[in-house]
Amino acid sequence: MQDFVFSRRRRFGIGFLAGLIAGIVASGLMLLLNVTLNGVSLPQVLSSALTQLIPPSGFDFLFRTVGSNAKHYLFYGIFVGQCLVFALCGGLCNLLVAGRAKEKGHEQLGWLSGVMLAVVLWLATGLLFLPLTQAGVFGSLLTIGVFNTMLSLAVVGLVFSLLFVYIQNWLVLRVVRKQAGNELSEREALRMYERRTILRRGIIALGAGIVGVLGWRFISQGLGGSAGSASSSGSIIQDYKSQISPPPTPNYDPNFASVSGLSPEVTSNDQYYVVSKNVFSDPSVDAAGWHLTVDGEVEHPFSVSYNELLAMPMQKQYESMMCISNEVGGQYMSNGLWEGVRLETLLNRAGVKAGATKVVLYAADDYSDSIHLAKALEPTTLVAVHMNGQKLPQGHGYPARLLVPGIYGMKHVKWVTHIQVIDTDFRGYWQQRGWSDAAPIRMTSRIDTPLPGTALTAEKPTYIAGVAFSGNQGISEVDVSLDNGQTWQRAMLKKPLSALSWVLWQLPWTPSKGSYTIIVRAVDLKGKVQAPYLAPPLPDGSSGYHSVDVTVS
Ligand SMILES: Nc1nc2c(c(=O)[nH]1)N[C@H]1C(S)=C(S)[C@@H](COP(=O)(O)O)O[C@H]1N2
Ligand SMILES: [Mo]
């Protein structure tokens with residue numbers, strides 16, 4: 001019944017469609033296997049490779065235009081791309097295989113062709129794609145390893161190929177049946193034309209939609225959207241003194257009562273900011289099978305299980321964290337009560353050899369970063385297992401993460417599995433992409449209330465309030481200016497929960513009619529004044545003064 005010969009274009013079209021449908025299912029399956037059984041995620045591998053190729057300035061541009069959602073857009077883009085590659089494979093396979101079958105008067109594919117296609121895809125991915133994206137032959141350089149990669153690729157490839165053959169044959173059969181009269185009826189032709197037009201319009205609409213969303217984000221962020229704006233006008237820079245000596249004595253208010261709109265002093269686990277490189281899913285580590293290995297330039301390398309780690313001496317401390325990609329006034333800053341084992345305890349047990357310089361932390365998501373040995377031995381550097389009295393939430397690094405005060409969140413490696421002492425230099429995941437390695441936190445202050453654009457009532461008492469943070473340098477003073485930095489008013493501070501925590505501040509204000517730009521700056525315990533110079537997050541973290549515009553009527 002299938003004595004039918006299609007044009008090459010037709011053949012490609014049918015294969016493409018069948019490949020697309022099967023590709024969407026297979027890509028979904030890949031992500032499912034990735035989340036549930038530690039299968040390989042090709043979108044993740046590709047996006048890691050891509051972000052490494054993009055020059056830092058390009059990455060920064062991406063970050064500023066599409067904001068923190070950059071990685072999600074990247075992921076959707078790659079996911080759609082992967083489905084299209086599947087579709088292309090379908091089209092090509094059909095051209096090659098069904099083309100040869102033509103002599104036998106056949107347009108359908110045999111199951112054997114499907115298995116062959118799966119094998120070809122499997123080899124191409126394992127031997128070409130993965131090595132080219134620096135994941136090694138069949139993912140040998142990935143944490144999940146060769147076995148999981150081979151197996152999950154095989155399953156996904158087989159499901160794709162067999163589904164492709166099935167859909168392809170079904171489509172062919174449909175066309176053959178419809179063309180039974182050898183001639184396309186006019187109605188049929190019209191319907192096919194319409195269908196094609198609908199598809200084409202759909203693709204155009206989708207493309208326009210994506211461009212529109214990107215454009216809108218670009219405009220709204222360019223005009224000072226959610227992150228607030230940073231201020232550094234001429235007068236602020238002119239009168240700027242970088243150092244106050246002797247340092248101011250903090251004016252802690254023992255009756256400091258939080259006002260509405262001010263951040264809670266301790267961020268709850270579900271409000272705590274989350275940042276990770278992972279475009280689709282963070283690793284879910286099973287503590288029962290987890291081990292933390294300490295090795296490298298040490299006398300006695302060892303591993304501990306989760307329970308052994310929990311049985312070691314624990315230390316509790318409040319510490320605030322901030323992401324190096326946080327914009328001035330941004331939200332990637334939180335404060336928590338952490339509990340864990342001193343890294344020093346683990347390193348002493350291993351016996352660090354003379355000449356060691358750095359400590360590298362490797363994680364279950366193929367993330368890595370390093371800190372200097374001196375930093376690693378500070379008594380506040382912890383391998384943390386508890387956050388605000390609970391075991392670490394999955395998104396914050398369960399079962400264990402590094403806590404290293406004074407430097408940016410980037411260095412607080414989550415899902416840590418391996419601690420290696422080295423006597424050379426090391427560039428971690430973000431350092432390979434152009435970000436600072438030393439990464440000391442730049443002092444910052446943020447106005448939480450009033451929000452930008454608020455319309456206030458004249459002569460009605462209100463508060464200006466927010467947080468200030470300097471890593472591990474403390475805060476002695478927070479000042480607010482309403483006249484572009486010509487005069488500053490000192491805010492009242494809440495005594496911080498620790499030397500590593502942010503400081504809450506507030507200033508009562510009874511405004512008269514007018515428009516105001518509220519500007520804030522902080523001073524640390526050594527008298528160092530927050531720098532007014534504007535800098536984007538890349539490569540050393542953002543700098544400049546946060547400002548908020550309000551009107552009073
Ligand atoms: N394993 C791993 N650790 C990581 C990251 C990551 O992507 N993978 N991101 C880092 C970055 S950039 C930041 S700011 C902090 C954020 O920690 P949080 O999500 O608990 O706030 O984790 C750091 N640790
Ligand atoms: Mo970060």
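**Note on a helix pair and the ligand 1 site**

1. H1 and H6 cross in a right-handed sense. The model is predicted, and the points below should be read on that footing.

2. The two helices span residues 8–37 (H1) and residues 145–178 (H6). Their axes come within 8 Å of each other, with a crossing angle of roughly 150°. H1 is therefore roughly antiparallel to H6, since angles over 145 degrees are placed in that class.

3. On composition, the contact of H1 with H6 contains 21 nonpolar residues, six polar ones and one charged residue.

4. Turning to the ligand, 19 residues surround ligand 1. The closest are Tyr273, Lys277, His396, Arg401 and Lys414. By class, the shell around ligand 1 has 11 nonpolar, four polar and four charged residues.

5. Which side chain places an N or O atom 2.5 Å from an oxygen atom of ligand 1? That side chain belongs to Lys414, a residue also listed among the closest to ligand 1.

6. Backbone atoms also take part. A polar backbone atom of Val275 is 3.1 Å from an oxygen atom of ligand 1. For His412, a backbone N or O atom lies 3.1 Å from a nitrogen atom of ligand 1. On its own, ligand 1 has 530 Å² of accessible area, and the protein covers 99% of that area.

Technical notes. Residues numbered from 1 in each chain as written. Chains lettered and ligands numbered in written order. Predicted model: local features only at pLDDT ≥ 70, side-chain atom pairs only at ≥ 80, totals over all residues. Heavy atoms only, no water. Near = heavy atom within 4 Å. Polar contact = N/O pair within 3.5 Å; in protein donor to acceptor, adjacent residues only side chain to side chain. Areas by Shrake-Rupley, 256 points an atom, 1.4 Å probe, with all protein chains shown as cover. Nonpolar A, V, L, I, M, F, W, Y, C, P; charged D, E, K, R; others polar. Axes fitted to C-alpha atoms, helices over the stretch in contact; angles between N-to-C directions. Helix = DSSP H or I, 4+ residues; strand = E, 2+ residues; numbered from the N terminus. Parallel < 35°, antiparallel > 145°, perpendicular 65-115°, else oblique. Left-handed = near helix turned anticlockwise from the far one by under 90°.
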